[in-house]
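Let's take a look at the pockets in this one. Have the sequence and the 3D view open as you read.

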Amino acid sequence: MSDATIIDGKAFAAGLREKVAAAVTGLKDRHGLEARLDVVLVGDDPASHVYVRNKGKQTEEAGMVSVEHRLAVDAPEQELLGLIDRVNGDPAVNGILVQLPLPDQIDEQKVTAAISPEKDVDGFHVVNVGRLWTGAEAPVPCTPYGCLLMLKETLGDLKGKRAMVLGRSNIVGKPMAALLLAEHCTVNIAHSRTRDLPERCAEAEILVVAVGRPEMVRGDWIKPGATVIDVGINRIDAPEKGANEDGSPKTRLVGDVAFDEAVKVAGAITPVPGGVGPMTIACLLRNTVIAACRQNGLPDPEV
């Protein structure tokens, strides 16, 4: 059996961003409207700073307005809630994203609940979660939606396929299951405490893995020919690359799937990096331009 087809998330995301940019241009040219995304960053987490910078850059490249709000790491919860209240009430703002994680003094659930459901481009508000599970129109969480787009591009019609979602987070696992159900898949949700986990995974034609454990899923857990979407991104020591100047080992990124084993068994697989990651921001931009249209009583753009 030849190695699996590699699902190129970078190329797919670039194509989606082009569609978003075309929709943004159409919104400006036909209706004089500018789509705007406001991102809130609390504290000094280095990874969060990188994510926010990338989001801002890609938002502007798509022709949208990008506004960043920064609060100190010790900002009280009420200060953040007051900021959210102000941008909720600003008709120029179409999408609001609060970068996670937040400092310990701030309740993430309270912050998520404070964002207007119509401007919740992350799709995390409990109202939007309910809409997703009941099949109503709502913003869809970006990472699972990116996974769905790649699955449909790779497999076409998903109807009737046996799917396993390994992971049960509110951000990826649960909404991923809802999206697959909406595509008429037969869906199982498993997690690290599932009994006979390797055997359960090996039954799936579609395996989406989001558990946050480096290379947990081995090659023999995978049904031959299955499509594997690896959502994990983990940094592990890479002694083979030598040491840093301070003597610490260099590192490398790996997914939740043991790629070198899985690529020999699967029919198609996403790499890490370069698979799911690029799709997340592209889907955020998609959600923002759709939100701008819905807030102005316009039909959804073709993105």
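Which helix gives the most to the lining of the largest pocket? Helix 2 does, with six residues. Keep in mind that this is a predicted model.

## The largest pocket

There's about 1300 Å³ of space in the largest pocket. A set of 45 residues lines the largest pocket, and if you want to find its centre, look for Tyr51, Thr143, Ile233, Gly277 and Thr280, which are the closest to it.

Besides helix 2 (46–61), the elements that put two or more residues into this lining are helix 1 (9–31), strand 4 (95–98), helix 6 (142–155) and helix 10 (277–295). As for chemistry, the lining of the largest pocket splits into 23 nonpolar, 14 polar and eight charged residues.

## The second largest pocket

Next up is the second largest pocket, with a volume of about 520 Å³. Its lining counts 26 residues, and those nearest the centre are Glu137, Ala138, Pro139, Val140 and Arg294. Two or more residues each come from helix 5 (126–134), helix 6, helix 7 (173–182) and helix 10.

Here helix 10 is the top contributor, giving six residues to the lining of the second largest pocket. By type, the lining of this pocket breaks down into 15 nonpolar, three polar and eight charged residues.

## Shared walls

Two names turn up twice. Helix 6 and helix 10 each give two or more residues to the lining of the largest pocket, and both also do so for the second largest pocket.

Terms used: Residues numbered from 1 in each chain as written. Predicted model: local features only at pLDDT ≥ 70, side-chain atom pairs only at ≥ 80, totals over all residues. Heavy atoms only, no water. 1 Å grid on protein atoms, 1.4 Å probe; cavity = no way out; pocket = protein on both sides within 12 Å on 5 of 7 lines; lining within 4 Å. Points joined across faces, edges and corners; volume = space filled by probe spheres on them. Helix = DSSP H or I, 4+ residues; strand = E, 2+ residues; numbered from the N terminus. Nonpolar A, V, L, I, M, F, W, Y, C, P; charged D, E, K, R; others polar.
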